Amino acid sequence: MVEATQARAFVGLAVTALVMSCRPDLEGRPSLIEEPTVLALRSSPAEALPGETVDYEALFVSTDEAAAEPESLSWQSCLLRKPLTTAGAIHPSCLNEEGTGIALLGTGLSSVSAVDADACKLFGPTPPDSVGGEEALRAADPDTTGGYYQPVVLREASGHGTSYSIGVTRLSCGIGAAAQEQVVNYNQHYRRNENPRIDGIIVNEGNGPTAVFGEDGNATAITVAAGAKVHVEVAWPSCPSKGDCGDGICSVDETADDCVNDCSTPTGCLGSETYLMFDPASRVLVEQREQMRVSWYATAGSFDHDRTGANLPKRANASENGWLAPLTPGTVRFWLVLRDDRRGVGWQAFDLTVEK
Amino acid sequence: MKHSTITVTLVASCLQVSVLQAQSLTVDAPAATNERGTGAAAGEPPHTEGKATEGGKLTKPPKLIRFETAQLPPGHVSSLGPVAVNLELGISAEGRVELVQVVEAAGEPYDGLAKDAVSRFLFEPAEIDGKPAAVRLKYRYVFTDSATPSPAKESPVVTFTGVVRDKTTAKPLSAVKVRLDGSGPEAITGEDGRFSFDGIATGSHSVLLMGNSFTPVGTEETLEAGAKYDVVYEVELQVEKVPDEQRADFELVVIASKLTKRMEAVSVSSEQATKVAGTGGDAIKVVENLPGVARSSVGSGALVVWGAGSADTRVYVEGVHVPVLYHEGGFRSVVHSDLVRSVELEPGGYGAAYGRGLGGLVTVGYRPLEADGIHGSVAGDIIDAAASVRGSIGERFRISVAARKSHLDRVLGWVASDDVGEFVPIPRYWDAQLRFGYVPSAQESIEIGTMSSSDRISRSFVQADPLDTKRELKSSGFHRVYLSYKKQGNDGSQVSVVPYYGTNRSHIESRFGGIPAELSSTTKLIGMRASWYGPVAEQLYGTVGLDSEVESTSLIRQGSVSTPPREGDIRVFGQAPDDQVNADRWETMIVGVAPYGQLDWSLLGGKIHFIPGMRFEPSLRGGSRFTPPKGEVPAIGYRNQDAHVEPRLAVRYSATPWLLLRAATGRYHQPPLGEDLSPVFGNPKLGASQAWHYLFGAQVQIGEGLSVETTGFLSRQSELTTRSQLSSPAIAQALVQDGKGRAYGGQIMLRQEMTRSLFGWVSYSLIRSERTDGEGTTYRPFDFDQTHVFTALASYDLGKGFEVGSRFRFSSGAPRTEVVGAAYDARVDGSQPLFGRHNATRLPNFYQLDARVAKAFKFGKTSTAEVYLDVQNVTNQKNPEEVVYNFDYSKKSFITGLPILPVIGGKLTW
């Protein structure tokens, strides 16, 4: 038996060594807020036509209330399509102080600007103009939701240097490379994205749930014990999977012809929406449902996960996370950012008091 | 009278010269138990056995009992020293010479006098199956001083020494007679295999080696004044013992390619190769330790030779093109070592017989199918298990089967948690080879065979954040069926025809968060390699052949244009792929039919070999779709064609018996990959990439078994496929041919052959490989560049079956692009890295020490059991294999490679 155990241990050592290239555990958690930082950028509306006016807003946070509005925040529009060799979200030149292709939109925590009139050529399915009768140029590829985006950059200048945050406005450019019938069908049934909204936050220390932020928008003061494990749940509106004329939501399978009430001025759902997209692999229109992600932030303590959402059924309208309260009493500030995968953004903040 | 044919005379030794490339490294596979004969490496003409051809077995060779001396005319003086005439004799069942043909003339009056003298020879008849029989043999008649009056002026004399060794084991052979000039002076090797002649006249001398354990073999040496000659002869032992009294003891000079003159080629016996620490007993794995080969990172097994991409190096097994040399993970090769006779790595400058690759050439040659008995082996360690069985069916049919299968996944299930597969990639693979041979005559062989290989590697990493969840799956494999026909003519010519059919499949699928990536391809290919080699004039041998291959590939791809990444892409480990996606489904056909020719012109008595070659490479490429899919517009196919002339030239100069100089150059083309011809992800208009190779080198024999070989090289590549640098390239031009490359450097290898108990080598390569990515870009280091690669290894036989070995490796870290900052990507709550200059930094250097201990037990006459412990990274060095960053790229660290890794295994051979 001893020999068998030793043999097993030996083989175990060898196999473990064989298959494990050692990956270091780098320090740092994005969910812990220790210095002024940008947590989210939001375009309202979340999806716009070229030339349409949008509001840009930043969620800029700090442990120090006085630093909550930095001196130098500037909004820039990036007018360069990123090269095929670049894997990131934006052309690298737009993240450079001497970069080209930048248009200043405004300063401060928010800004109002119009989407570039040529955005569908620059970033969308419309091929750019070829020069001098040369070969036709390649249109941009859509993302996994079939969307195209106008990038914007929030530039922050501080004593530590310049930092950049990248946001987007989803473009209503239609679809490219599809059959005419598909284009018509898409234009009739596609619904623009809406920014999601956090409807409620529930904290449970083990003594039963307490709503710290309900649908009425009012916050409730919550106190938890130092070092306590707390479960936090965030919820957003439930969206119908099928059209229900009269529910105030113009769904994919409803049109202005068959449901005037909902679709005369199309209004989307503020949760996980159903949308239409052109699948480039099957080359057909398919209905998809937005997947929601929650980013969790706090000025103290630690979350089980920095972000959640993976294990959600697609129709779920809530996500939960564990949070370990710090041992030091005080007020802890929370920010929860809700994102849908069509790049819509919503957020909410609240405080918890930690006592001994 | 009908004659049987005894093939005791084989191929002229210059055959080796003609197929030997200017820069080649050879690793021979271990001799199987009771193996007889040699067989041929891939691409070489076959050698034959010493047997009669008409159904019988040579039981007694002919014996010369009456020698007749040819008398030169009075006063005739040869200015050339000894003169030889090569003849073919037909000997009757009574021992009379009934046929005399001049095979290699020396001119008159020698040819006529030799024929006249030989026709009066009398032999003791040969016997087949114990009965006297007519046979044919080749005979060299040498006009020595006794027949040729010596020049009036005495020649200077030199000392001529050397060692005779077993080619398979490299062990010295004692009691071997070394005779000069037919009936000239004779020496007998001692226990150390050495022989010595003093006072030998300068000029050309025939050398005949005779021993109890091998067929007499001969060669020629040209000795010059003022030099000391110390040569190494390697002979292959025959297993079937022939009583001494039946052995030819006359002045029969057999010119055989079985004898390798070590001054002409660098080779490592495979028995040695399997003993190298870190190979796990896989002979082909030793290639990674040869100079010019970059160290592959853990788990890749990519073969980067002289700074060329792994896909640029072509791999052939027994003349059949296969897509890979190693299984996924790089732990094993795709061919069982028991079947392998040799693997030859030519980093560049190879001859006209091969093409369609910008990089190196790997040719794996099978060992001959065994004619007697049933042999085999079973082997296993924690990674996999393998077995082979080889034998014959009657006199003419032979068969061999080998297979291997990994079991690491099951071992892991035994020792680790069930979810270990979610965190670490576990390679799963198998391979199998089947060979069925028919030997219609001693000069012909026909073989039908199959090769199969399959790999699968997968990993899932599930996180609470959907964007952090990663799934990866990679599977690949190939199958081949081939027919090999080889024939050797009496004039030394060789014919080889190898048609083959097969399939390749590859499937890569990943999902990084919600971003899918898939690339699947299925290829059907038909190929044929055919060649003729033989004498075309005095001192001139020629090769003509046809190298053809047709590939038809169906492909499916979806994901971003930049996934999977290709050479030149700027990335960091763990970075999310681009979320802009597309999809395509297309088919391609690539046809290549390349005739080629090559000459081997021997000058100055064989001291110089001038080897020009020419390859004509027409190529036809077609596809199912020329533009990306759009609506209901039907796909429009296309055809592109081009043709390239590829001149090749190699020159070898044996300046002295201990110094060999060589140089080579050549032009090479490589067709585009089918996966690059997508109108969505690539460019259907892509043509062939081009490279020129230039190399020069020297090999110096500096002592008993000790040699130094050094080579300098330059490779210039153009029209390489790269990504378009434009933000909005033209439609169907995501890839362009704007890339250029250059690789240059040198390598040196100091090697100690097996002497008594020790062998090993020290090699160092200094290689710089660079690329440009198109207009406006400058040369940058190639992604897999390793400027310095140093390897030192040795193995020592302690006796009584114990062996110890060790290997030390050092290499420069691979280039990486520094992350100089990051922007917050508020779209996904992540970060986008900001990069510095392309490939301007490197991973830290790599150091590793490996060790191996083995003990062999012998059972009976032919069975052996071996147990070994192969420990990699003995010092537990934490070698960085990749850079990794934290979530916002503010901190970096390294993923380290294998910690100390003990692998215990065993092999039973019978």
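Colleague: Hi! I'm new to this one. Which residue does A:Cys245 form a disulfide with?
Modeller: Welcome! A:Cys245 forms a disulfide with A:Cys259, and their sulfur atoms are 1.9 Å apart. Keep in mind that this is a predicted model.

Colleague: Where do those two cysteines sit in chain A?
Modeller: A:Cys245 and A:Cys259 each lie in the loop between strand 12 (229-235) and helix 4 (260-263) of chain A, 14 residues apart.

Colleague: Is that link left-handed or right-handed?
Modeller: The link of A:Cys245 and A:Cys259 is right-handed, with 100° about the S-S bond.

Colleague: And A:Cys245, is it buried or partly exposed?
Modeller: A:Cys245 is partly exposed, at a relative accessible area of 44%. Its partner A:Cys259 is buried, with a value of 1%.

Colleague: What does A:Cys250 pair with?
Modeller: A disulfide joins A:Cys250 to A:Cys263, with 1.9 Å from S to S. A:Cys250 is in the loop between strand 12 and helix 4 of chain A, while A:Cys263 is in helix 4 itself, 13 residues apart. That link is right-handed, with 100° about the S-S bond. Both A:Cys250 and A:Cys263 are buried.

Colleague: Which disulfide is left-handed, then?
Modeller: The one between A:Cys120 and A:Cys173 is left-handed, with -90° about the S-S bond. A:Cys120 lies in helix 2 (residues 119-122) of chain A and A:Cys173 in the loop between strand 8 (161-171) and helix 3 (180-189), so this pair ties together parts that are 53 residues apart in sequence. The sulfur atoms of A:Cys120 and A:Cys173 are 1.9 Å apart, and both residues are buried.

Colleague: How many disulfides are there over all chains?
Modeller: The count comes to 5 over all chains. If you number the bonded cysteines of chain A in sequence order, the pairing reads 1-2, 3-4, 5-10, 6-8, 7-9.

Colleague: New topic: salt bridges. How many over all chains?
Modeller: A search of the whole structure finds 56 of them. One of these joins A:Glu47 and A:Arg170, whose closest N and O atoms are 3.2 Å apart. A:Glu47 is in strand 2 (residues 47-48) of chain A and A:Arg170 is in strand 8, so far along the chain that they are 123 residues apart.

Colleague: Buried or exposed, that A:Glu47?
Modeller: A:Glu47 is buried, with a relative accessible area of 2%. A:Arg170 is buried as well, at 1%.

Colleague: What about A:Asp304, which side chain does it meet?
Modeller: A:Asp304 meets A:Lys229 in a salt bridge of 3.2 Å, N to O. A:Asp304 lies in the loop between strand 16 (302-303) and strand 17 (307-308) of chain A and A:Lys229 in strand 12, so the pair ties together parts 75 residues apart in sequence. A:Asp304 is partly exposed, with a relative accessible area of 38%, and A:Lys229 is partly exposed with 38% too.

Colleague: Over to chain B. What does B:Arg356 form a salt bridge with?
Modeller: Its partner is B:Glu617, with the closest N and O atoms 3.0 Å apart. B:Arg356 is in the loop between strand 21 (340-346) and strand 22 (361-366) of chain B and B:Glu617 is in strand 33 (residues 608-623), so the pair ties together parts that are 261 residues apart in sequence. Both B:Arg356 and B:Glu617 are buried.

Colleague: Which residues are linked with them in a network?
Modeller: The network of salt bridges links B:Arg356 and B:Glu617 with B:Arg529, B:Asp547, B:Arg615, B:Glu646 and B:Arg648.

Colleague: And how many residues does the contact between the chains take?
Modeller: It takes 78 residues from chain B and 69 residues from chain A. The area buried between the two chains is about 6,400 Å², and carbon and sulfur atoms give 60% of that. B:Tyr824, B:Arg827 and B:Asp829 supply 11% of the area that chain B buries against chain A, more than any other three residues.

Colleague: What about salt bridges between the chains, how many?
Modeller: The count between chain B and chain A is 4. One of them is between the side chains of B:Lys685 and A:Glu135, at 3.1 Å from N to O. There are also 25 residue pairs in polar contact across the interface.

Conventions:
Residues are numbered from 1 along each chain as its sequence is written. Chains are lettered from A and ligands numbered from 1 in the order in which they are written. This is a predicted model: local features need pLDDT of at least 70, side-chain atom pairs count only at pLDDT 80 or more; totals for chains, interfaces and linings use all residues. Side-chain values use heavy atoms; hydrogens and water are left out. A disulfide is a pair of cysteine sulfur atoms within 2.5 Å. Helices (H or I, at least four residues) and strands (E, at least two) are DSSP runs, numbered from the N terminus. Buried means under 20% relative accessible area, exposed over 50%, partly exposed in between (1.4 Å probe, protein chains only). Contact means heavy atoms within 4.5 Å. Buried area is the accessible area (1.4 Å probe) that two parts lose on being put together, summed over both. A polar contact is a pair of N or O atoms within 3.5 Å; within protein, one must be able to donate a hydrogen and the other to accept it, and residues adjacent in sequence count only if both atoms are side-chain atoms.
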